[in-house]
2 protein chains.
Amino acid sequence: MVNNKAVITKLSEFYKVFGDVTRLSILNALLDNEKNVGDICKEVNMSQSAVSHQLKILRLYNLVKYEKKGQSVFYNIADNHIKGILKYGFDHIDEFIK
Amino acid sequence: MVNNKAVITKLSEFYKVFGDVTRLSILNALLDNEKNVGDICKEVNMSQSAVSHQLKILRLYNLVKYEKKGQSVFYNIADNHIKGILKYGFDHIDEFIK
DNA sequence: TGAATATATGAGCAAATGTTCATATAAGGA
DNA sequence: TCCTTATATGAACATTTGCTCATATATTCA
């Protein structure tokens with residue numbers, strides 16, 4: 001147990017980033033490969049603007065990293081830590097929600 | 001990667017439950033011991049009503065279990081799975097946010 | 001340089017969320 | 001039974017959130 005209000009607040013903000021369908025779909029789409037914004041839009045079937053707004057949040061909380069290549073920006077999951085949390089979640093859903 | 005929209009939606013709802021300071025504080029308070037509602041209120045410093053509303057959500061998504069003892073209702077973390085997710089999160093914050 | 005393509009972002013708006021307030025329900029003790 | 005204590009819940013309201021629309025920025029190519 002943590003007795004630091006600031007840590008709890010930070011952690012809740014961190015979990016909150018995973019708690020939106022669009023953002024989670026983007027993360028899911030990036031699990032296989034890095035992808036540019038256009039491809040992400042197609043895969044999650046959302047507008048370029050909506051995706052870009054959510055990518056901003058994913059960047060802000062360091063869930064993704066990105067790299068500009070020509071006109072495109074390629075996004076990727078930030079690290080194995082994030083992948084681990086996603087895998088843990090997927091396993092949980094498989095097991096408990098089914 | 002999961003290609004099932006319903007699973008992604010379920011999972012995002014699951015993460016969302018962790019993504020609120022009050023609910024996360026409640027979970028944190030329960031990590032040591034089971035506690036009744038009154039004690040939870042004191043520990044998280046929120047009104048009885050606010051806590052009770054959030055406990056309802058924690059129950060709904062099976063993050064806590066509870067048991068009535070006389071007039072009191074004692075709440076506890078549902079299982080080690082939930083504890084694991086919390087521990088993982090705390091470690092992440094320790095490591096990345098500091 | 002001007003047009004096309006790719007991405008980012010601000011403003012506005014509607015929906016979702018969390019709190020308070022009032023009240024309901026339930027159990028224990030006098 | 002009546003009062004007190006413990007918990008739950010509905011309604012109202014303010015805040016937050018995520019989308020759309022319009023537009024800005026940046027890069028490539030003709």
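Around DNA strand D there are 26 residues, and those that come nearest are Thr22(A), Ser49(A), Ser49(B), Gln71(B) and Tyr75(B). I should state at once that this is a predicted model.

By class, the surface near DNA strand D comprises 15 polar, six charged and five nonpolar residues. On the DNA side, 64% of the atoms of strand D within 4 Å of the protein belong to sugar or phosphate, and the rest belong to bases.

Let me turn to the phosphate contacts of chain A. A side-chain N or O atom of Thr22(A) is 2.5 Å from a phosphate oxygen of DNA strand D. For Gln54(A), the corresponding distance from a side-chain N or O atom to a phosphate oxygen is 2.8 Å. Arg23(A) places a polar side-chain atom 3.1 Å from a phosphate oxygen of the strand.

Which elements give two or more residues to this surface? In chain A they are α2 (21-30) and α4 (48-60), and in chain B they are α3 (37-44), α4 (48-60) and β3 (72-77). The most is given by α4(B), with six residues.

I close with one residue of chain B, Asn36(B), which is found in strand β1 (residues 35-36). Is Asn36(B) buried or exposed? Its relative accessible area is 15%, which is under the 20% cut-off, so Asn36(B) counts as buried. Beyond residues up to four places away in sequence, Asn36(B) touches Ser72(B), Val73(B) and Phe74(B). The side chain of Asn36(B) also has a polar atom 2.9 Å from the backbone nitrogen of Asp39(B), and the backbone nitrogen of Gly38(B) lies 3.2 Å from a polar atom of that side chain.

Note on methods:
Residues are numbered from 1 along each chain as its sequence is written. Chains are lettered from A and ligands numbered from 1 in the order in which they are written. This is a predicted model: local features need pLDDT of at least 70, side-chain atom pairs count only at pLDDT 80 or more; totals for chains, interfaces and linings use all residues. Side-chain values use heavy atoms; hydrogens and water are left out. Helices (H or I, at least four residues) and strands (E, at least two) are DSSP runs, numbered from the N terminus. Buried means under 20% relative accessible area, exposed over 50%, partly exposed in between (1.4 Å probe, protein chains only). A polar contact is a pair of N or O atoms within 3.5 Å; within protein, one must be able to donate a hydrogen and the other to accept it, and residues adjacent in sequence count only if both atoms are side-chain atoms. Contact means heavy atoms within 4.5 Å. A residue is near a molecule or strand if one of its heavy atoms lies within 4 Å of it. Ala, Val, Leu, Ile, Met, Phe, Trp, Tyr, Cys and Pro count as nonpolar, Asp, Glu, Lys and Arg as charged, and the others, Gly among them, as polar.
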